[in-house]
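Reader: I'm new to this structure and would love a close look at one part of it. Could you walk me through the pocket where the ligands sit, and what surrounds them?

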Amino acid sequence: QMEEHQSTRSPLSLFWVSGPGSGKGTQCANIVEHFGYTHLSAGDLLRAEIKSGSENGTMIQNMIKEGKIVPSEVTIKLLKRAIEENGNDKFLIDGFPRNEENRAAFESVTGVQPEFVLFFDCSEEEMEKRLLGRNQGREDDNIETIRKRFKVYMESSLPVIEYYSAKGKVKKIDATRPVGEVFEAVKAIFTKAWLDEACVSSLDFFP
Ligand SMILES: Nc1ncnc2c1ncn2[C@@H]1O[C@H](COP(=O)(O)OP(=O)(O)O)[C@@H](O)[C@H]1O
Ligand SMILES: Nc1ccn([C@@H]2O[C@H](COP(=O)(O)OP(=O)(O)O)[C@@H](O)[C@H]2O)c(=O)n1
Ligand SMILES: [Mg+2]
């Protein structure tokens, strides 16, 4: 009985799908520090892959410059390696899945279902302002690429949100508000998830 119960428990991973510039990178340090998740940004992993001089580097660079979504085979390999290299069992997977192909492939390769999906809801006007002011020297933070990224986000990423929404897995936060207020909302969601998980764990002590 007990073994069966334990084997059905999935690792506490969650997806973080939101528009470009909605503030994911800004909030991740706080979440890592307060709730013990390991932050994995699909975009950061892809940019590191370009820097490492890998054979896929040029292809990835071109796709990012065009605001296009890199084939999931490449991105999932990077995510899988990062997960395996890390001792933690709680991952905050940022910027993934970005389309239906990402989602279906991750599910079939890893068998992992997200605990929940964090969605930062932010107006396009605000995201555009933030991206143009980001100043990290990114090749995709120019108005031309930003418009392309918004289009891809609307056409490909929002349907993923809808998919998980229909399963009751989406936790939406109004990310238009100031950084501190967004973190308060994030805290409320993670504290609730932590309590839910603690309840599940207590079943191990009182089977
Ligand atoms: N709540 C906020 N209010 C105002 N500016 C913000 C807020 N959150 C993030 N920013 C700024 O917006 C830009 C994009 O944020 P970032 O965290 O990199 O977004 P993402 O990772 O979702 O693309 C950064 O320059 C950041 O300082
Ligand atoms: N799952 C993913 C995530 C990012 N990317 C690429 O990486 C770019 C930057 O992603 P990011 O998550 O770092 O961007 P932000 O949303 O943080 O601004 C995207 O526009 C895509 O070109 C991808 O192809 N597949
Ligand atoms: Mg980011």
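Author: Happy to! Please keep in mind that this is a predicted model. Let me begin with a small landmark on the chain and then move to the ligands. The landmark is N135, which is placed in the loop between α7 (124-132) and α8 (143-166). The phi angle of N135 is near 60°, a positive value in a residue other than glycine. Most residues other than glycine have a negative phi.

Now to the ligands. Ligand 1 sits in the largest pocket, and ligand 2 sits in the largest pocket too. Let's take them one at a time.

Around ligand 1 there are 13 residues, and the closest are G21, K24, T26, R134 and R177. Sorted by class, this shell has three nonpolar, six polar and four charged residues. The largest share of the shell, three residues, comes from helix α2 (residues 24-35).

Which atoms make polar contacts with ligand 1? A backbone N or O atom of G23 lies 3.0 Å from an oxygen atom of the ligand. At S22, a polar backbone atom is 3.3 Å from an oxygen atom of ligand 1; S22 itself is found in the loop between β1 (12-16) and α2. R130 takes part with its side chain: an N or O atom there is 3.3 Å from a nitrogen atom of ligand 1. Taken alone, ligand 1 exposes 570 Å², and the protein buries 76% of that.

The UniProt record has something to add here. Under "binding site", in an unreviewed entry, UniProt lists G21, S22, G23, K24, G25, T26, R134 and R177. From this set, the lining of the largest pocket takes in G21, S22, G23, K24, G25, T26, R134 and R177.

Next comes ligand 2, with 20 residues around it; R47, K68, V70, G95 and R149 come nearest. Its shell divides into seven nonpolar, five polar and eight charged residues. Helix α3 (residues 42-51) gives the most to this shell, with four residues.

The polar contacts of ligand 2 can be followed in the same way. A backbone N or O atom of K68 lies 2.7 Å from an oxygen atom of ligand 2. K24, which is among the closest residues to ligand 1, also has a side-chain N or O atom 3.1 Å from an oxygen atom of ligand 2. At N102, a polar side-chain atom lies 3.2 Å from a nitrogen atom of ligand 2. How much of ligand 2 does the protein bury? Taken alone, ligand 2 exposes 530 Å², of which the protein buries 96%.

UniProt has another "binding site" annotation, again from an unreviewed entry, and this one covers R47, K68, I69, V70, G95, F96, P97, R98, R138 and R149. Of these residues, the lining of the largest pocket includes R47, K68, I69, V70, G95, F96, R98, R138 and R149.

One last stop is P97, which appears in that annotation. P97 lies in the loop between β3 (90-94) and α6 (100-110). Is the peptide bond that joins F96 and P97 cis or trans? The bond is cis, with omega at about -5°. Most peptide bonds are trans. If you would like to find this spot in the viewer, start from G95, one of the residues that come nearest to ligand 2, and then look for the cis bond between F96 and P97.

Terms used:
Residues numbered from 1 in each chain as written. Chains lettered and ligands numbered in written order. Predicted model: local features only at pLDDT ≥ 70, side-chain atom pairs only at ≥ 80, totals over all residues. Heavy atoms only, no water. Near = heavy atom within 4 Å. Polar contact = N/O pair within 3.5 Å; in protein donor to acceptor, adjacent residues only side chain to side chain. Areas by Shrake-Rupley, 256 points an atom, 1.4 Å probe, with all protein chains shown as cover. 1 Å grid on protein atoms, 1.4 Å probe; cavity = no way out; pocket = protein on both sides within 12 Å on 5 of 7 lines; lining within 4 Å. Sits in = over half its atoms within 2 Å of the grid points. Helix = DSSP H or I, 4+ residues; strand = E, 2+ residues; numbered from the N terminus. Nonpolar A, V, L, I, M, F, W, Y, C, P; charged D, E, K, R; others polar. UniProt positions renumbered as here; feature names shortened; annotations may be inferred.
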